[in-house]
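Please open the structure in a viewer and keep the sequence panel visible. The tour below proceeds by selection, one stop after another.

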Amino acid sequence: MGEAFDRAWGLVKMPYFHGTSSKYDKEIKETGLDPSNNLSSLEQWNIEDLNDWLEYHELDFDDFDPDKDWIWFSKDNPRATMSYALQANNNAGSRRFSPIIYEIDDSIDVVEDLNVEGDFRDSYRTDETVPPYKIKEWFRFRPNDLGESYDDYRDKLREAIKQKAKLEGYE
């Protein structure tokens, strides 16, 4: 009964999810998610990528404070964090580390940013540090195997997240 209750309670609470790399796992477990240590502030983006991202979401640069650092989340949709986990892991070293998705307690102070369909639906952010006791590992994938194509790896990761989300009722 304990596991079924925990799963049902998790759905009622509707947690947030955050994707990153296992390279940062030890630090996150010790100090939490600190926006100042994150690479998600807009001023750190390649300007062309940033403009494409803003245009895709029908936003302007003026909608953001470029001097702030943010931690980004998805609410009740762990699959939406896959691209963040994959990108962070690629930057960390995909053959040494693993994409990881954390479940974040829904009591954190967040701002809803995007109200769009698809992978980026229901995106949220915070500029506050999320303490370790509000974070638990939800999913961890394996490192990219030597000789495995990036597309195959990404597709296997996507399918593994999809299956876990479905099993836990997030579909």
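Select E137 to begin: with a relative accessibility of 35%, this residue is partly exposed. The model is a predicted one. E137 belongs to strand β6, which covers residues 135–140. Next, display the residues around E137. Setting aside neighbours within four places in sequence, its contacts are D25, K29, I100, I101 and Y102. Now add F17 to the selection. E137 and F17 lie 120 residues apart along the chain, yet their C-alpha atoms are separated by 9.6 Å.

**Along strand β6**

Move next to R140, which is also found in strand β6. Is R140 buried, exposed or partly exposed? The relative accessibility of R140 is 36%, so the residue counts as partly exposed. Show its surroundings, again without neighbours within four places in sequence: R140 is in contact with S22, D25, K29, S98, P99 and I100. Three of these names, D25, K29 and I100, appear in the list for E137 as well. For a distance across the sequence, select T20. The C-alpha atoms of R140 and T20 are 9.8 Å apart, although 120 residues separate the two along the chain.

The third stop in strand β6 is I135. Its relative accessible area is 14%, and I135 is therefore buried, because a residue counts as buried under 20%. Which residues does I135 touch, not counting those up to four places away in sequence? They are I28, G32, L33, Y102, E103, I104 and V130. Of these, I28 merits a distance label: I135 and I28 are 107 residues apart in sequence, and 8.5 Å lies between their C-alpha atoms.

**The loop after β6**

Follow the chain onward to D145, located in the loop between β6 and α5. With a relative accessible area of 40%, D145 is partly exposed. Select S94 together with D145. Their C-alpha atoms are 8.7 Å apart in space, while their positions lie 51 residues apart in sequence.

**Helices α4 and α5**

Now select residues 82–92, helix α4, and residues 150–167, helix α5. The axes of these two helices come within 11 Å and cross at roughly 140°. The arrangement of α4 relative to α5 is therefore oblique, because angles over 145 degrees are required for roughly antiparallel. The crossing of α4 past α5 is right-handed.

Which residues form the contact between α4 and α5? On the α4 side, select M82, L86, N89 and N90. On the α5 side, select Y150, Y153, R154, L157, R158 and I161. Colour the selection by class: the contact holds 6 nonpolar, 2 polar and 2 charged residues.

**The whole chain**

Finally, clear the selection and view the chain as a cartoon. It contains 5 helices and 6 strands. Traced from the N terminus, the order of elements is α-β-α-α-β-α-β-β-β-β-α. Switch then to a surface display. The accessible surface of the chain amounts to about 9,800 Å², with 47% belonging to carbon and sulfur atoms. Of the 171 residues in the chain, 42% are buried. To close, consider the contacts whose separation is 6 or more: residues 24 or more positions apart account for 77% of them.

Technical notes: Residues numbered from 1 in each chain as written. Predicted model: local features only at pLDDT ≥ 70, side-chain atom pairs only at ≥ 80, totals over all residues. Heavy atoms only, no water. Helix = DSSP H or I, 4+ residues; strand = E, 2+ residues; numbered from the N terminus. Buried < 20%, exposed > 50% of the residue type's maximum accessible area, 1.4 Å probe, protein only. Contact = heavy atoms within 4.5 Å. Areas by Shrake-Rupley, 256 points an atom, 1.4 Å probe, with all protein chains shown as cover. Axes fitted to C-alpha atoms, helices over the stretch in contact; angles between N-to-C directions. Parallel < 35°, antiparallel > 145°, perpendicular 65-115°, else oblique. Left-handed = near helix turned anticlockwise from the far one by under 90°. Nonpolar A, V, L, I, M, F, W, Y, C, P; charged D, E, K, R; others polar.
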